[in-house]
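The report that follows goes through selected parts of one model, beginning with a sheet and ending with the surfaces beside the nucleic acid strands.

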2 protein chains.
Amino acid sequence: MRVLVVEDEKRVASAVKRGLEAEGFAVDVALTGTDGLWLAQENEYDLIVLDIMLPGVNGYRICSTLREAGNWTPILMLTAKDGDYDEAEALDTGADDYLTKPFSYVVLIARLRALLRRAGRGDLVTYEAGDLRLDPRAHRVWRDDTEIDLTAREFSVLEYLLSRAGEVVPKRDILEHVWDFDFDGDPNIVEVYVGRLRRRVDEPFARRAIETVRGAGYRMRTDGGA
Amino acid sequence: MRVLVVEDEKRVASAVKRGLEAEGFAVDVALTGTDGLWLAQENEYDLIVLDIMLPGVNGYRICSTLREAGNWTPILMLTAKDGDYDEAEALDTGADDYLTKPFSYVVLIARLRALLRRAGRGDLVTYEAGDLRLDPRAHRVWRDDTEIDLTAREFSVLEYLLSRAGEVVPKRDILEHVWDFDFDGDPNIVEVYVGRLRRRVDEPFARRAIETVRGAGYRMRTDGGA
DNA sequence: CTGCCCGTTCAGCCCGGTTTCAGCATGCAC
DNA sequence: GTGCATGCTGAAACCGGGCTGAACGGGCAG
């Protein structure tokens, strides 16, 4: 599954790239519109993530150029929230969906999944780790067939940890993926949420699925802590 | 029964939409060819009504693109009576039938029904979730064999929720599917309608079929809230 | 023309959820 | 053991999503 990311802000670009790679995508990044258009024309991608404001050729132009050339690869446009550029125009030029900055990684992934599903390449995942089960689509979590209520944030954190079950996930990664990319608050918030999750999904069941790896991050046990 | 109407003249589009909704169809409207193609690819429709002369991608292109992609949803083409565009060509690109403007509802409806019959989907779909039952075609809703009166909008919202029972449906999705997708009013309208629906289909029966998933959307319980 | 129904907008409230912060606990290095 | 860094936790403040009642306006029937 190949994805092209056309985005000039390096921080956003590299965060998106790393995240998508973790999801198993092969990611190319273009930092200018000119490069992006070139890459999009030279290669067959399954998906294109396209910023609107770009040096060189802007996102609209890239989009309409591709469409005119008969290229119908699903395109997700990224728009800044100040109204200079318009979402409706994005769709008019042939984009398939759009996302307003700032956005968080989970939202981005959700949208990309939706696009792929539409293109008939989606496979809906439910995450499992031992007796712990999470269904992103229904937004539900179970342990031992007991459903667990989680808030939106709690759910996102758990989903992300599950998506990388078995490996050590640095706190910074969690911050970048679950919160908006430009979040610059107290990183302690991750600890707060891990704490809550433990209280909700571990303690009542006398297990420990989320382990702390001091100095490195957290690790979701693949056996759910059984 | 879901229908997509691709038509750029707003007057015609909204008239057709209202007419079809009165017949019990769930109708999405696209005002440009680009949007129409996007919607047609994104969703599973039972029927597509397609104007030929469109801004963006024209009707022929949409039709052949869909067919090439293996989408065989029945398509009814609308052609203006001046002979610039040709009915024969419509059929060549993969349309199933055509209708010359101007036309009356009666004729339109008759043709659509004929198409559905041919496609073998004339038999009605009814949605069920526990003791809640909805018949799109007859435009009726029951709970426990008690019929519930709903307005057109209320009905559409409920139908859409039922069509995705069990999963979390973002407000944005509801807006896009139930309202004209170029609706840019207050998204609060969704909350208003969910509220009304609850008052009509939940409260009198002391159940709760429509759940709120804070920060994510609404979810229709598959057991109807029993 | 009048009244009713429906769809829509709006403002305000409520409450849950998120975030911050300060203090405490734990683990590690020496 | 001592001291430092890292992680944990409860309480409080803040924020905003979601809900509701009221009011407006257009369309349609009588």
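## The sheet of chain A

How many bridges join β7(A) to β8(A), and do these strands run parallel or antiparallel? In this model, which is predicted, four bridges link β7(A) with β8(A), and the two run antiparallel. Both strands belong to an open sheet of four strands in chain A, ordered β6-β7-β8-β9 and paired in antiparallel fashion. Its edges are formed by β6 (127-129) and β9 (146-148) of chain A, each of which pairs on one side only. Averaged over the sheet and with direction ignored, neighbouring strands are turned by 20° against each other.

On the other side of the pairing pattern, β6(A) is joined by three bridges to β7 (residues 132-135) of chain A, and these strands are likewise antiparallel. Within this pair, Tyr127(A) stands opposite Leu134(A) in β7(A), while Glu128(A) has Arg133(A) of β7(A) as its bridge partner. Arg133(A) also stands opposite Trp142(A) in β8(A).

## Hairpins and the cover of the sheet

Two hairpins connect these strands, and each has a residue with positive phi. The hairpin of β6(A) and β7(A) has two residues between the strands, and there Gly130(A) takes a positive phi near 65°. The hairpin of β7(A) and β8(A) has four residues between its strands, and in that turn His139(A) has a positive phi of about 65°.

Helix α6 (residues 152-163) of chain A lies across β6, β7 and β8 (140-143) of chain A, and runs at about 70° to β6(A). Strand β7(A) has two faces of unlike character: Leu132(A) and Leu134(A) make up the covered face, whereas Arg133(A) and Asp135(A) make up the uncovered one.

## Two helices of chain B

In chain B, the axes of α6(B) and α8(B) come within 10 Å and cross at roughly 90°, which means that α6(B) is roughly perpendicular to α8(B). From α6(B), the residues Arg153(B), Glu154(B), Val157(B) and Leu158(B) take part in the contact, where they meet Tyr193(B), Arg196(B), Leu197(B), Arg200(B) and Val201(B) of α8(B). By class, this contact of α6(B) with α8(B) has five nonpolar and four charged residues, with no polar ones.

## Where the chains meet

Between the two chains, 15 residues of chain B are in contact with ten residues of chain A. On the side of chain B that touches chain A, the largest share, five residues, comes from helix α2 (residues 33-42) of chain B. The residues on that side of chain B divide into four nonpolar, six polar and five charged.

## Surfaces beside the DNA

Around DNA strand C there are 23 residues, of which Thr151(A), Arg153(A), Gly185(A), Thr151(B) and Gly185(B) come nearest. To the surface near this strand, α6 and α8 of chain A, together with α6 (152-163) and α8 of chain B, each supply at least two residues. By class, the surface near DNA strand C has eight nonpolar, seven polar and eight charged residues.

DNA strand D is surrounded by 17 residues, and the closest are Gly195(A), Thr212(A), Glu191(B), Gly195(B) and Thr212(B). Here α8 (188-202) of chain A and α8 (188-202) of chain B each supply at least two residues of the surface, and α8(A) gives the most, with six residues. The surface near DNA strand D divides into four nonpolar, eight polar and five charged residues.

Technical notes:
Residues numbered from 1 in each chain as written. Chains lettered and ligands numbered in written order. Predicted model: local features only at pLDDT ≥ 70, side-chain atom pairs only at ≥ 80, totals over all residues. Near = placed C-beta within 6 Å. Nonpolar A, V, L, I, M, F, W, Y, C, P; charged D, E, K, R; others polar. Pairing = 2+ DSSP bridges. Axes fitted to C-alpha atoms, helices over the stretch in contact; angles between N-to-C directions. Contact = placed C-beta atoms within 7 Å. Buried ≥ 20, exposed ≤ 12 C-beta atoms within 10 Å, placed from the backbone. Parallel < 35°, antiparallel > 145°, perpendicular 65-115°, else oblique.
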